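Please load the model in the viewer and display it as a cartoon, with side chains available on request. The tour proceeds by selection, and each stop states what is to be found there.

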Amino acid sequence: MLNNHKTRNNSAHMKAIIGSALATLLAIVFIHAQLSAEEMQSTDMQLYSPTAIEWKTAPAALPPGAKMSVLEGDPTKEGPFVVRFQFPDGYHVPPHTHPKTERVTVISGMLHLSTGEALDRSSAKKLPAGSFGYWPAGMKHTAWSEGETVIQLHGTGPWQINYVNPADDPRNAKKSP
């Protein structure tokens, strides 16, 4: 009888220790998540007038001709970012995917968006200036501009583009000697 009582006490004691350890672990996870969220928020204010936006050549992952401006964050690193892309009239990005959700606002011009593995202009959605759209990670799509077009992309880095057909990837183009 005494051994049975000891076993129950040991079991209750172990449950209390495990419960306490679990509560401590959850508190640490919660505090870490809260600190990580705070780290992801900007600490400085930055304002951009249209004339203050600095345009640079877009990354080599996009076909030549596009320009890009990083407004917040770093699209090459983990964390939130905001960039703008400027596309000339008729600019086309072949069918591709992204590993994370893409959120796009059309600032000016017209963006056409078609889904699927091949370009189908007849089924494209027209996104005029002022439009907003988002599509999930992995969705196959292609886009092209009508008139000079500026889009703003909100995302979580690192930003990547993966072409459905590797031959469409400008990074795979043969370099001239």
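Begin with strand β8, the element that gives the most residues, four, to the lining of the second largest cavity. The model is a predicted one. Strand β8 itself spans residues 141-157.

**The second largest cavity**

Display the surface of this cavity, which has a volume of about 70 Å³. Its lining consists of 13 residues; H98, K100, T101, T156 and W159 are the ones nearest the centre. Colour the lining by class: five residues are nonpolar, six are polar and two are charged.

**Two loop residues**

Now select A137, in the loop that runs between β7 (132-135) and β8 (141-157). Is A137 buried or exposed? Neither word fits, because its relative accessible area is 39%, which makes A137 partly exposed. Leaving aside residues up to four places away in sequence, A137 touches H98, P99, K100 and T101. Add E102 to the selection: A137 and E102 are separated by 35 residues in sequence, yet their C-alpha atoms are 7.1 Å apart.

Move next to Q160, which lies in the loop between β8 and β9. With a relative accessible area of 42%, Q160 is also partly exposed. Its contacts, again without residues up to four places away in sequence, are T97, H98 and P99. Measure from Q160 to K100 in the viewer: the C-alpha distance is 8.2 Å, across 60 residues of sequence. H98 and P99 thus appear among the contacts of A137 and among those of Q160.

**The largest cavity**

Which residues should be selected to find the centre of the largest cavity? This cavity has a volume of about 170 Å³. Of its 17 lining residues, F87, H96, H98, E102 and I151 are the closest to the centre. Strands β3, β4 (92-97), β5 (102-115) and β8 each give two or more residues to the lining. By class, 13 lining residues are nonpolar, three are polar and one is charged. H98 is therefore a useful residue to keep on display, because it is listed close to the centre of this cavity and near the centre of the second largest one.**Aromatic rings**

How many aromatic pairs does the model contain? The count is four. Select F85 and W159, a tilted pair with ring centres 5.9 Å apart and planes at 45 degrees. This pair connects distant parts of the chain, with F85 in strand β3 (residues 79-87), W159 in the loop between β8 and β9 (162-163), and 74 residues separating them. F85 and W159 are both buried. Extend the selection to F87 and Y91, which form one aromatic cluster with F85 and W159.

Then select F132 and Y134, whose ring centres are 6.1 Å apart and whose planes meet at 40 degrees, so this pair is tilted. Y134 is exposed, as its relative accessible area is 59%.

One further ring deserves a stop: W144. The charged end of R121 sits over the ring of W144, at 4.4 Å from the ring centre.

**The largest pocket**

Select Y48, A52, I53, E54, K56, T57, P59, M68, S69 and V70 to show the lining of the largest pocket. The space in this pocket is about 160 Å³. Strands β1 (56-57) and β2 (67-72) each supply at least two lining residues, and the largest share, three residues, comes from β2. Six residues of the lining are nonpolar, two are polar and two are charged.

**The whole chain**

Finally, clear the selections and return to the cartoon. The chain has one helix and nine strands, and the order along the sequence is α-β-β-β-β-β-β-β-β-β. Colour by accessibility: 31% of the 177 residues count as buried. Among contacts between residues at least 6 apart in sequence, 69% join residues at least 24 apart.

Methods: Residues are numbered from 1 along each chain as its sequence is written. This is a predicted model: local features need pLDDT of at least 70, side-chain atom pairs count only at pLDDT 80 or more; totals for chains, interfaces and linings use all residues. Side-chain values use heavy atoms; hydrogens and water are left out. Buried means under 20% relative accessible area, exposed over 50%, partly exposed in between (1.4 Å probe, protein chains only). Contact means heavy atoms within 4.5 Å. Rings of Phe, Tyr and Trp (its six-membered ring) pair if their centres lie within 6.5 Å; planes under 30 degrees apart count as stacked, over 60 as edge-to-face and the rest as tilted. A charge sits over a ring if NZ of Lys or CZ of Arg is within 6 Å of the ring centre and within 35 degrees of the ring normal. On a 1 Å grid over the protein atoms alone, a cavity is a set of points where a 1.4 Å probe fits but cannot get out, and a pocket is an open set with protein on both sides within 12 Å along at least five of seven lines; lining residues have an atom within 4 Å of a point. Grid points are joined across faces, edges and corners, and a volume is the space filled by probe spheres set on the points. Ala, Val, Leu, Ile, Met, Phe, Trp, Tyr, Cys and Pro count as nonpolar, Asp, Glu, Lys and Arg as charged, and the others, Gly among them, as polar.
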